[in-house]
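Biologist: Please take a close look at the largest pocket of this model. I would like to know what lines the pocket and what lies around the residues at its centre.

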Amino acid sequence: MPSLLQAPGVSARFLDLLVREPLDRSRILDVGCGAGRLSLALAPAAKWVVGLDRETSLIQEARQRAAAAHQANVEFHEVDVEAETYEGWRPDLITAHLCASDAIIERAARALAPGACLAMVSFHVDQWKETGKVSRFAYDETRMRAALESRGFAVEALEVERDVRRFDSVEEGLAAAVGLEDRWRADGRWFRYIAFLESGGRTLTRSHLLVKARKQAGQAGAGRGEAEGEPSG
């Protein structure tokens, strides 16, 4: 197994938390896998990897990338990860990169056996705070810990990675966010960000929450073997 996993755009610290698990003996379920960035990074070290995402185009791209890499121990499926249950995939480890919600945590708790691990990177509430809008997928440390512990997980790592870019002018601030403009225009964030810059603000914050938690025995949302029920998340 590689001593260090590598995946462009994925936190080195998060990958370090993952590589401490017995990946070579694990079926990994990567929920919200997108185009397979994390799934394909894990595959060479893992027993098997299953990537799930609800976007058809991203799943198709992930499959193409896996074929191009001749990676035979990874598969991708179009699934709504906040609606589907995970037991049928028989995961030993569940990952989620920039795709975290109470519904995902709930489903992971039901699917994982005691001792198994859930590892996630979520948006932190400070992500793009200059736009004045917090994503529904964003967590602070208190809310994330409560969501995990209420579903029978013991938190082993809960860390914030924050990068604050600073600018000397409005123009520099706009240039730094140019790749985000279309998305931010659609939900109103772009105009609030411009207002922030014009009022003297000179920062843009990227902030993620790194999470590693282990399923405990005898807790709510028990793992494999429990009768299925529709989770409330």
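**The largest pocket and its surroundings**

Modeller: This is a predicted model, with a mean pLDDT of 91 for the protein and 92% of its residues at 70 or more. One stretch needs caution: over residues 222-233 pLDDT stays under 50. For that stretch the model has 29 contacts beyond four places in sequence, and these should be read with the low pLDDT in mind.

Now the pocket itself. The largest pocket has a volume of about 990 Å³. It is lined by 34 residues, and those closest to its centre are G32, H97, L98, C99 and F123. Several elements contribute to the lining: β1 (27-31), α2, α7 (181-187) and β8 each supply at least two residues. By class, the lining is made up of 15 nonpolar, 13 charged and six polar residues.

Of the central residues, L98 has a backbone feature to note. L98 lies in the loop that joins β4 (93-97) to α4 (102-111), and its phi is positive, near 55°. Most residues other than glycine have a negative phi. L98 counts as partly exposed because its relative accessibility is 26%, which falls between the cut-offs of 20% and 50%. A positive phi of about 55° is also found at H70, again not a glycine. H70 sits in the loop between α3 (56-68) and β3 (74-78). With a relative accessible area of 72%, H70 is exposed, since the cut-off for that class is over 50%.

Two other central residues, G32 and C99, are in contact with V81. V81 belongs to the loop between β3 and β4, and a relative accessible area of 8% makes V81 buried. Beyond its neighbours within four places in sequence, V81 also touches V31, L52, Y86, I104 and R107. The C-alpha atoms of V81 and A103 are 8.3 Å apart, although 22 residues separate the two along the chain.

F123, another of the residues closest to the pocket centre, is in contact with S207. S207 is part of strand β8, and β8 is one of the elements that supply at least two lining residues. S207 is buried, with a relative accessible area of 0%. Its other contacts, leaving aside neighbours within four places in sequence, are H124, D126, Q127, V160, E161 and R162.

On α7, which also supplies at least two residues of the lining, R183 and W184 can be followed to a further helix. Both are in contact with R189, which is located in helix α8 (residues 189-198). R189 is buried, at 10% relative accessibility. Outside its neighbours within four places in sequence, R189 also contacts W128, T131 and K133.

Finally, helix α1 connects with some of these elements. In α1 (residues 12-19), the buried residues are F14, L15, L17, L18 and V19. Their cover includes α2 (37-42), β4, β5 (117-124), β7 (153-166) and β8 (203-215); α2 and β8 each supply at least two residues of the pocket lining as well. At the start of α1, a side-chain oxygen of S11 comes within 3.2 Å of the backbone nitrogen of R13.

How values were computed: Residues are numbered from 1 along each chain as its sequence is written. This is a predicted model: local features need pLDDT of at least 70, side-chain atom pairs count only at pLDDT 80 or more; totals for chains, interfaces and linings use all residues. Side-chain values use heavy atoms; hydrogens and water are left out. Helices (H or I, at least four residues) and strands (E, at least two) are DSSP runs, numbered from the N terminus. Buried means under 20% relative accessible area, exposed over 50%, partly exposed in between (1.4 Å probe, protein chains only). Contact means heavy atoms within 4.5 Å. A polar contact is a pair of N or O atoms within 3.5 Å; within protein, one must be able to donate a hydrogen and the other to accept it, and residues adjacent in sequence count only if both atoms are side-chain atoms. On a 1 Å grid over the protein atoms alone, a cavity is a set of points where a 1.4 Å probe fits but cannot get out, and a pocket is an open set with protein on both sides within 12 Å along at least five of seven lines; lining residues have an atom within 4 Å of a point. Grid points are joined across faces, edges and corners, and a volume is the space filled by probe spheres set on the points. Ala, Val, Leu, Ile, Met, Phe, Trp, Tyr, Cys and Pro count as nonpolar, Asp, Glu, Lys and Arg as charged, and the others, Gly among them, as polar. pLDDT is the predictor's confidence in each residue, from 0 to 100.
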